[in-house]
Amino acid sequence: MAPVRRHTTSSPPTGPHLRVPSRRTLLRGGAGLALAAGASAAAPLAAGQAADQNSRAKAPGDVDYPGAEWIPADPSNFTASNRPATYPVDFVVIHVTQTTFQDAIDIFQNPDKNVSSHYVIRSSDGHIAQMVRETDIGWHAGNWNYNTRSIGIEHEGWIDEPDRWFTDEMYAASAALTANICDDYGIPKNRDHIIGHNEVPGADHTDPGPHWDWDRYIELVRSA
Ligand SMILES: [Zn+2]
């Protein structure tokens, strides 16, 4: 339940925020739940330029996190970029979907939704779908600045039904993913950097809600 991240290139890390995105191989996606992404905002790079850079670096089906299933979001639901060269990645933002795993995927693949998250995790078994490449900017935080600097992880379920949806399998899978993201980008494994959607400045969403067990989650991240 704790896949090791793949480091496919020979480029040595040059520092937490400058390192060449080694493991990040390819993706493209973004789906969006009922989240208010607040995404649209400005694309910092010429879209064509960023897309071109990405296309050269990836192969279809590659994912940033081994074991994840690549289910691409619609390209209109995220911003192509080349992080961490374009923006440092400082945060992991934790979400709860308020819909099913499949519905979340359908939303992120719907070009009319304008929302996406890098990852969606299934409650029943902790299965991870990657929908947006980590180099790209997901539209999940409802705050452009935070979108540019974060990786978004959606967890299947409803915030007021923790016993049914917040399974051991999902906590474990998510914590292992977050731990690897933190290791890759040099993000401290603490609550200043692993935050809930509700903690994003200006966000009007309440997920992951009062029943998300933060103490347990951070402990799992640190021990992953
Ligand atoms: Zn959210």
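Helices are DSSP runs of H or I with at least four residues, and strands are DSSP runs of E with at least two, both numbered from the N terminus. On that basis the chain has six helices and eight strands. This is a predicted model: local features need pLDDT of at least 70 and side-chain atom pairs count only at pLDDT 80 or more, while totals for chains, interfaces and linings use all residues. Residues are numbered from 1 along each chain as its sequence is written.

**Whole chain**

Show the chain as a cartoon and follow it from the N terminus. The pattern of elements is α-β-β-β-α-β-β-β-α-β-α-α-β-α. Of the 224 residues, 51% are buried (a residue is buried if 20 or more other C-beta atoms lie within 10 Å of its own, exposed if 12 or fewer, and partly exposed in between, with C-beta atoms placed from the backbone).

**The sheet**

Next, select the strands β1, β5, β4, β7, β3 and β8, which form an open sheet of six strands in that order, with mixed pairing. Two strands count as paired if DSSP finds at least two bridges between them. β1 (69-70) and β8 (194-196) are at the edges with a single partner strand each, so one side of each has no neighbour in the sheet.

**Strand β7**

Select residues 150-155. Is this strand enclosed or open? Six of the six residues of β7 are buried, so the rest of the structure largely encloses the strand. In a regular strand, side chains alternate between the two faces of the sheet. Here S150, G152 and E154 point one way, and I151, I153 and H155 point the other.

Add the strands that pair with β7. Strand β3 (residues 91-96) runs parallel to β7, with six bridges between them. V93 has G152 as its bridge partner in β7, and I94 stands opposite I153. Strand β4 (residues 119-121) is also parallel to β7, joined by three bridges; there, V120 is partnered with E154.

**V93 and Y146**

Keep V93 selected and add Y146, which lies in helix α3 (residues 144-148). The two are 53 residues apart in sequence, and their C-alpha atoms are 8.8 Å apart. They are also in contact, meaning that their C-beta atoms, placed from the backbone, lie within 7 Å. Y146 counts as buried because 22 C-beta neighbours lie inside 10 Å. Setting aside residues up to four places away in sequence, Y146 touches F91, V93, A141 and V200.

**Helix α5**

Now select residues 168-185. The expected span of a helix is 1.5 Å times one less than its number of residues. For the 18 residues of α5 this gives 26 Å, and the end C-alpha atoms are 26 Å apart, which agrees. Of these 18 residues, 14 are buried, so the helix is mostly covered. Just after the helix, G186 has a positive phi of about 70°.

Show the sheet again. α5 lies across β3, β4, β5 (128-130), β7 and β8, and runs at about 175° to β7 (axes are lines fitted to C-alpha atoms, for helices over the stretch in contact, and angles run from 0 to 180 degrees between N-to-C directions).

**The core**

Last, select V92, V93, Y119, I128 and L177. Of the 48 residues in the largest nonpolar core, these touch the most other members. A nonpolar core is a set of buried Ala, Val, Leu, Ile, Met, Phe, Trp, Tyr and Cys residues joined through C-beta atoms within 7 Å. Which element supplies the largest share of this core? The answer is α5, with 10 residues.

Key:
Two residues are in contact if their C-beta atoms, placed from the backbone, lie within 7 Å.
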